Amino acid sequence: KVRLKRFPVLDLISHSYMLAGCQYLVTYAAYSNEITVTSIVLFIVVVLFSMYGELENEIRDLEIDKRCHINTTAVLIGLQRSKILQLVLIVIGSISVLFVLTQIKLEIMHLAFALLIFLVINLVPYLIKFITKNNQNFKLNLHRCLLLACNLLLFLYILTYNF
């Protein structure tokens, strides 16, 4: 059998492209026939956050994959390095989001509001963790908030796009 999950690194790339990046590209191509720096950066953001989510799934299944001899990226690099890679993906993705916010045509008040919304959305998992003193769903909540923030960013980008 050919399962992309069995090929380290390719599992992350294939998941992030097929389940996020390709959908973004198809949608973008439906509305525009030109490639801009902002559109490329948004593609990278979508792919990075999708990689983060796939790596989270691999970390969750790490022990089972080891027992079944499924060589995912998380199995290959180990738990600690997988968590570090997740952090790197989030940081690069967040910096890319900030770059996009500076590139789209928003007035300064709208830009400040967009940045505030982005920060507040991504603070929600930390607030839940602090209030409930429960770490259990922190990463899942963080991933959901990142995806929500990216969707809002894409929405802002579409709103400011010159048709």
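**Exercise 1. A residue before the first helix**

Where is the place of V9, and is V9 buried or exposed, or in between?

*Solution.* This is a predicted model, in which local features need pLDDT of at least 70 and side-chain atom pairs count only at pLDDT 80 or more, while totals for chains, interfaces and linings use all residues. Residues are numbered from 1 along each chain as its sequence is written, and side-chain values use heavy atoms, with hydrogens and water left out.

Step 1: V9 is placed in the segment before α1, where helices are DSSP runs of H or I with at least four residues, strands are runs of E with at least two, and both are numbered from the N terminus.

Step 2: V9 has a relative accessibility of 45% and therefore counts as partly exposed, the class between buried (under 20% relative accessible area) and exposed (over 50%), for a 1.4 Å probe and protein chains only.

Step 3: For the backbone, V9 shows a positive phi of about 70° although it is not a glycine.

**Exercise 2. A residue in a loop**

Locate H69 and describe its backbone and its exposure.

*Solution.* Step 1: H69 sits in the loop between α3 (62-67) and α4 (73-77). Step 2: The phi of H69 is positive, at about 60°, although H69 is not a glycine. Step 3: Because its relative accessible area is 67%, H69 is classed as exposed.

**Exercise 3. The overall fold**

How many helices and strands are there in the protein, and what share of its residues is buried?

*Solution.* Step 1: The protein has seven helices and zero strands, so that, read from the N terminus, its elements run α-α-α-α-α-α-α. Step 2: Taken along the principal axes, the C-alpha atoms fill a box of roughly 55 × 45 × 20 Å. Step 3: Of the 163 residues in the protein, 41% are buried. Step 4: When contacts (heavy atoms within 4.5 Å) between residues at least 6 apart in sequence are considered, 70% of them join residues at least 24 apart.

**Exercise 4. Helix α1 against helix α2**

Describe the crossing of α1 and α2, and then the residues that make the contact.

*Solution.* Step 1: The axes of α1 (residues 10-31) and α2 (residues 37-60) come within 8 Å and cross at roughly 145°; axes are lines fitted to C-alpha atoms over the stretch in contact, and angles run from 0 to 180 degrees between N-to-C directions.

Step 2: The crossing of α1 with α2 is right-handed, that is, the near helix is turned clockwise from the far one by less than a right angle.

Step 3: Among the residues of α1 in this contact are D11, H15, Y17, Y24 and Y28, and those of α2 include S39, F43, M51, E54 and E58.

Step 4: By class, the contact has 13 nonpolar, five polar and three charged residues, with Ala, Val, Leu, Ile, Met, Phe, Trp, Tyr, Cys and Pro counted as nonpolar, Asp, Glu, Lys and Arg as charged, and the others, Gly among them, as polar.

**Exercise 5. Buried positions on α2**

Which residues does V45 contact beyond its neighbours within four places in sequence, and how far apart in space are S39 and V100?

*Solution.* Step 1: V45 belongs to α2 and is buried, because its relative accessible area is 1%. Step 2: With neighbours within four places set aside, V45 is in contact with G93, S96, V97 and C150. Step 3: V45 and G93 are 48 residues apart in sequence, yet 5.0 Å apart in space from C-alpha to C-alpha. Step 4: S39, likewise in α2, is buried at a relative accessible area of 4%, and its C-alpha lies 8.6 Å from that of V100, which is 61 residues away in sequence.

**Exercise 6. Buried positions on α5 and α6**

Give the helix, the burial and the contacts of S82 and of F118.

*Solution.* Step 1: S82 is part of α5 (residues 79-103), and S82 is buried because its relative accessible area is 0%. Step 2: Not counting residues up to four places away in sequence, S82 touches L55, I59, A74 and I77. Step 3: F118 is found in α6 and, at 7% relative accessibility, counts as buried. Step 4: Leaving aside neighbours within four places in sequence, F118 contacts S94, V97 and A149. Step 5: F118 and S16, by comparison, are 102 residues apart in sequence and 22 Å apart in space, C-alpha to C-alpha.
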